[in-house]
Amino acid sequence: SGPDRLTTSSGVDSDIALSPDGGRLAFVTRIEASRLWSWPFDAKTGRVTGNEQAMTAASTSVSNFDLSVDGTRLAFLASRPGKQSEELWTRTLADGRDTLIGEAPGGYFSPRLSRDGTRVAYRRATQLRWIVIDGGEEQTLPEGTFDAWDWSPDGQSILLNCPPPEKTAALCLSSRGASHAADVRRLVSDPAYNLWQGRFSPDGR
């Protein structure tokens, strides 16, 4: 029969030791968190120039993040001990203001900020979506698109994955207002490879 659950903590129970008579257990409960940190950095000398600063709370664990090109906003995915859902947050770096975009039981994937930090694209469940951060309704891109990787410099298009006829992941381009699969343009694909993590050059070409 069994197994029967013995502990109910929200952390990881490990390093278990059984007493000689089999009547008691000793164990360690460990709660871990992955946080985002920021260091001031001199790119010319390749040196850190000051002390680190925590960008996310110790009570949450960050799994994925993105920083806008203009350095004004951070987007990140966070989970909390004991909760099955995942949260999508953004932070305005100038004043440290955090904004909760949403919470999803199935989680989010690949948050990507537009270059000016006003919009964030992400996958929730199997659908690619985006939203204006400071107020706006969630927009859904055509079925079959997934995993946003970058925004065009003008913020009108999203570089993403889509399935071409070869059934391997291709890099494709979609306008942010696309509503049909025919509106999504394939840029590069290979029947022998899945292609991921594409980025635009600074000039978007």
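## The β11–β12 hairpin

In this predicted model, strands β11 and β12 form a hairpin with five residues between them. Within the turn, G117 has a positive phi of about 75°. The two strands run antiparallel and are joined by four bridges; β12 covers residues 119-124. Across the pair, Y108 stands opposite R124 of β12.

Strand β11 spans residues 108-113, and five of its six residues are buried, so the strand is largely enclosed by the rest of the structure.

## S157 in strand β16

S157 belongs to strand β16, which comprises residues 157-162. The relative accessibility of S157 is 16%. Because the limit for a buried residue is under 20%, S157 counts as buried.

Beyond its neighbours within four places in sequence, S157 is in contact with two groups of residues that may be listed by number: D150, W151 and S152, and also L173, S174, S175 and R176.

## A nonpolar surface patch

L6, I16, L18, L25 and F27 make a nonpolar patch of about 540 Å² on the surface. Two or more residues of this patch come from each of the strands β1 (12-18) and β2 (25-30).

One of the patch residues, L25, is located in strand β2. Is L25 buried, partly exposed or exposed? Its relative accessibility is 41%, so L25 counts as partly exposed, a class that lies between the limits of 20% and 50%.

Technical notes. Residues are numbered from 1 along each chain as its sequence is written. This is a predicted model: local features need pLDDT of at least 70, side-chain atom pairs count only at pLDDT 80 or more; totals for chains, interfaces and linings use all residues. Side-chain values use heavy atoms; hydrogens and water are left out. Buried means under 20% relative accessible area, exposed over 50%, partly exposed in between (1.4 Å probe, protein chains only). Two strands pair if DSSP finds at least two bridges between them. Contact means heavy atoms within 4.5 Å. Patches are made of residues with over 30% relative accessible area and no salt bridge: like charges are joined within 9 Å, nonpolar side chains (Val, Leu, Ile, Met, Phe, Trp, Tyr) within 5 Å. Accessible areas come from the Shrake-Rupley method with a 1.4 Å probe; for residues, only the protein chains shown count as cover. A salt bridge is a side-chain nitrogen of Lys or Arg within 4 Å of a carboxyl oxygen of Asp or Glu.
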